[in-house]
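Here are my comments on the model you sent round. They are set out as numbered points, with the metal site taken up before the rest.

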Amino acid sequence: MIVRARTVVTMDGPPIDNGAVVIREHQILDVGRFDEIKTHNAGEIVDLGEQALLPGLINAHCHLDYTCLRSKIPPQKSFADWIRAINAEKAKLSAEDYVRSIREGFAEAKRFGTTGVANLTAFPELVSQISSPIRTWWFAELIDVRAPERASEIVDHALELLEPMQNWGLAPHALFTASADLYRRCEKVAQHKDIPLTTHLAESREEMQMFRDASGPLYEFLKSIERPINDCGNGTPLGLFLSATGDRALPRWIVAHLNELMESDFELLERSKTRFHVVHSPRSHDYFKHSQFSFERLRSLGFNICLGTDSLASNENLSLFAEMRAFQREFPGVSPEEILKMITVNPATALHQENMMGRIRPGFCADLIAVPCGDRGGPFEQILGFDRSIAWMLLNGKM
Ligand SMILES: [Zn+2]
């Protein structure tokens, strides 16, 4: 099959006007100018007309479990109050509700042009009941705050449930809910099984207050549920994360948030030679009114920065187009092309799929979407402005 479009945005060099992509089965075979492509390729021609053809989008941080919590939780006074509020909502849900919620989330993400997702689930036992319609990295979200002595058992159980999946990983939830043992155990498994890891880190001011000062609403809340607090009052979340994890394992980590960083944290990052990946969720960030995300500083230190939607308990929909626009409002100096990288090339790298996904290049997976593209403005600007459902998508070579 030869797919022709007004512009092919390959993310692998400049956009190709009057471009075409050759697909065989689930792979991209060739890409270039339509007049050249058609002279040395046979096959059915699909002409998309006045559209930009681009790689399918990849959501680097998402919790489809909570799709059904859209608009259920208004912004709260404190992050600890928000945790209490989501726990109260979760208590009303059954396993069937979660399965429905995850399925609805997949359908919505796909409508918005997402072909790949790093999805954290607190219910790995439900995963076998769901056939995901897009490429999914299932991350088991792990918490041992009420039973730190069971860290290994918790990891092993998740492992058993997720190993049959094609793509999976482990997600110790956060430093305040997962023990250092749990983090270390996840890293061991990751090294052994060659899987990615993800966690929430330095998200809120309260998390900083908890670990640096041993005070604040999150500290008080966790103390009240009898979390051991001997790791509080000694350092920053990032400092603790770096000392809890091994330097060699850092490239496996996809770190969500990283909003709260002190000067001493930047010094640590400068000294550390290995880099993890970072996910920023602009609209969830707005909802919580977190501290400004240090995009420029992290970028200049060489971090691979991706965008994610987070869950609908703190966002209004699963559109990565809307996420790009929110990022652009926050950082108007960043080019639309660089922003599009954050939901294509960069998350593919974070998931160790840089040779398979995120670009239109021969040998890559045939995950493509099309967005209307006319005379007004450049293709990247028009892609960022797109605010409807995707009308044409190819996933693993299939329409
Ligand atoms: Zn999250």
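**Notes on the predicted model**

1. Histidine 63 and aspartate 310 are both buried. The coordinates are those of a predicted model. Both residues belong to the metal site: the zinc ion is coordinated by His61 (NE2), His63 (NE2), His200 (NE2) and Asp310 (OD), at 2.0 to 2.7 Å. Along the chain, the spacing of these donors reads H-x1-H-x136-H-x109-D. Histidine 63 sits in the loop between β6 (57–62) and α2 (79–90), and aspartate 310 in the loop between β13 (304–307) and α12 (320–330), so this pair ties together parts that are 247 residues apart in sequence.

2. What is the geometry of the zinc site? The site is irregular, with angles of 88 to 164 degrees among the four donor atoms. Four donors count as tetrahedral only if all angles lie between 85 and 135 degrees, and the upper end of the range here is 164 degrees, so the tetrahedral label does not apply.

3. On the packing of the interior, the largest nonpolar core has 105 residues. Leu170, Phe241, Leu258, Phe276 and Leu340 have the most contacts inside this core. Leaving aside neighbours within four places in sequence, leucine 170 is in contact with residues including Phe139, Leu142, Val155, Val189, Ile195 and Leu197. There is also a second, separate core of 18 residues, with Val8, Val21, Val31 and Ala366 among them.

4. Alanine 202 is in the loop between β10 (197–201) and α6 (205–213). Its relative accessibility is 0%, so alanine 202 counts as buried. Not counting residues up to four places away in sequence, alanine 202 touches Glu207, Pro237, Leu258, Asn259 and Glu260. One of these, Leu258, is also among the residues with the most contacts inside the largest nonpolar core.

5. Which residues of α6 are buried? They are Glu206, Glu207, Met208, Met210 and Phe211. The cover over the buried residues of α6 includes α2, β10, α7 (217–224), α8 (237–244) and α9 (263–271). Just after the helix, alanine 214 has a positive phi of about 50 degrees.

6. Phenylalanine 211 deserves its own entry. This residue of helix α6 counts as buried because its relative accessibility is 0%. Beyond neighbours within four places in sequence, phenylalanine 211 is in contact with Leu175 and Phe176, with Arg227, and with residues including Asp231, Cys232, Asn234, Thr236, Pro237 and Leu240. Pro237 is also touched by alanine 202.

7. Two residues have a backbone angle to check. Most residues other than glycine have a negative phi. Methionine 11, in the loop between β1 (2–8) and β2 (16–24), has a positive phi near 60 degrees. Histidine 257, in strand β11 (residues 253–257), has a positive phi of about 90 degrees. Methionine 11 counts as buried because its relative accessibility is 7%, and histidine 257 counts as buried because its value is 4%.

8. Buried or exposed: which is glutamate 44? At 54% relative accessibility, glutamate 44 counts as exposed. The residue lies in the loop between α1 (34–37) and β4 (45–47). Leaving aside neighbours within four places in sequence, glutamate 44 is in contact with Met1 and Ile2. Its C-alpha atom is separated by 8.5 Å from that of valine 3, and the two residues are 41 residues apart along the chain.

9. On open space, the largest pocket has a volume of about 950 Å³. Its lining consists of 39 residues, and Lys90, Ala122, Glu141, Ile143 and His173 are the closest to its centre. The elements giving two or more residues to this lining are α2, β8 (135–142), α4 (151–162) and α7. Of these, α2 gives the most, with six residues.

10. On enclosed space, a search of the whole structure finds two cavities of 30 Å³ or more. The largest cavity has a volume of about 50 Å³. Its lining includes Pro55, Gly56 and Ile58, together with Thr115, Met356, Met357, Arg359, Phe364 and Asp367.

Key. Residues numbered from 1 in each chain as written. Predicted model: local features only at pLDDT ≥ 70, side-chain atom pairs only at ≥ 80, totals over all residues. Heavy atoms only, no water. Donors = N, O, S within 2.8 Å, 3.2 Å for Na, K, Ca; no water. Tetrahedral: all angles 85-135°; square planar, octahedral: opposite > 155°, others 65-115°. Helix = DSSP H or I, 4+ residues; strand = E, 2+ residues; numbered from the N terminus. Buried < 20%, exposed > 50% of the residue type's maximum accessible area, 1.4 Å probe, protein only. Core = buried A, V, L, I, M, F, W, Y, C linked by side-chain atoms within 4.5 Å. Contact = heavy atoms within 4.5 Å. 1 Å grid on protein atoms, 1.4 Å probe; cavity = no way out; pocket = protein on both sides within 12 Å on 5 of 7 lines; lining within 4 Å. Points joined across faces, edges and corners; volume = space filled by probe spheres on them.
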